[in-house]
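Colleague: Could you take a close look at one part of this model for me, and describe how its surroundings are put together?

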Amino acid sequence: MNRREFISLLGGAAAACPVTARAQRPAMPVIGFMNGGTPEAGASVLAAFQQGLSETGYIEDQNVAIEYRWAESKYDRLPGMAADLVRRQVTVIAATTTPAALAAKAATATIPIVFETAGDPIKLGLVASLNRPGGNITGVTQLSSELVSKRLGLLHDLIPTATIIGLLVNPTDPRAETQTSDMQEAAHTLGLQIRVLNASTESEIDRAFASLRQLRAGALLVGTSELFRSKPEQLVALAARERVPAIYQYREYAAAGGLISYGTRLTAA
């Protein structure tokens, strides 16, 4: 399905009322919006999503309804959320993080799905190919996870004396394995050593940063995760406390005082 077909589907849902119901107000198409993070961290994403809808003529509560589902970085909630949207027979599912996209795909092969992901949708199993995604799913990728090696190169340029680099990942995130393997490969090329730090909760983030000194890490790369993106101030403060220069994925980290970020604009995606 292409973008035009999705937009036509949204409009067609409202026009498909039976003739006998003409006296009633047609039911609005319903978008099931799924995100792996929190409403607070996803505020800018949601604003951009609503702007994108308005640019195609859809205004929430006027001619389209939206059912919101936020997993708050607890990815085990997503399958249930996706199943609930399927039971409600929403017109289309907007899955705005990789874990949400995977859960939506597993839940339905008929309801159209539009995803936004930081990873490679082919490697993740979301689509068959970029030009022919197939099935009921299509979307946008930032390929941000694939920029890990570029971030490592920039960090090495900035801190050439750092030969041991920490990599912070969320092991519950489906992109963690790809990020780690890409980082190890890039580090080998540069003659660097990688120390993987796992954190899937706020308290584990604190412990991960506390271990940097013991690991003798001279710099840190923060991986892709909704958990990390929801806490830029915490991560930047911890890096400052440990006196470890760090590179991040999104500009929000640099705006919060982080050393440098390198990646695509999430709101544009």
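Modeller: This is a predicted model, and the part I would start from is S225, which sits in the loop between strand 8 (219-222) and helix 9 (226-229). With a relative accessibility of 3%, S225 counts as buried, because that value falls under the 20% cut-off. Apart from its neighbours within four places in sequence, S225 is in contact with Y75, N170, D173 and R175.

The strand that precedes this loop, strand 8, belongs to an open sheet of 5 strands, ordered 7-6-8-9-10 and paired in the parallel sense. Strand 7 (193-198) and strand 10 (260-261) form the edges of that sheet, each pairing on one side only. Strand 8 pairs with strand 6 (residues 164-169) in the parallel sense over 4 bridges, and L168 has V222 in strand 8 as its bridge partner. Helix 6 (residues 176-190) packs on the sheet, where it touches strand 6, strand 7 and strand 8, and its direction makes about 170° with that of strand 6. Helix 7 (residues 202-210) also packs on the sheet and touches strand 6, strand 7 and strand 8, its direction making about 155° with that of strand 7.

For contrast with the buried S225, two loop residues elsewhere deserve a note on their backbone. D61, in the loop between helix 2 (43-55) and strand 2 (65-70), has a positive phi of about 70° although it is not a glycine, and at 58% relative accessibility D61 counts as exposed. Q89, in the loop between helix 3 (78-87) and strand 3 (92-95), likewise has a positive phi, of about 55°, without being a glycine, and counts as exposed at 66%.

Note on methods: Residues are numbered from 1 along each chain as its sequence is written. This is a predicted model: local features need pLDDT of at least 70, side-chain atom pairs count only at pLDDT 80 or more; totals for chains, interfaces and linings use all residues. Side-chain values use heavy atoms; hydrogens and water are left out. Helices (H or I, at least four residues) and strands (E, at least two) are DSSP runs, numbered from the N terminus. Buried means under 20% relative accessible area, exposed over 50%, partly exposed in between (1.4 Å probe, protein chains only). Contact means heavy atoms within 4.5 Å. Two strands pair if DSSP finds at least two bridges between them. Axes are lines fitted to C-alpha atoms, for helices over the stretch in contact, and angles run from 0 to 180 degrees between N-to-C directions.
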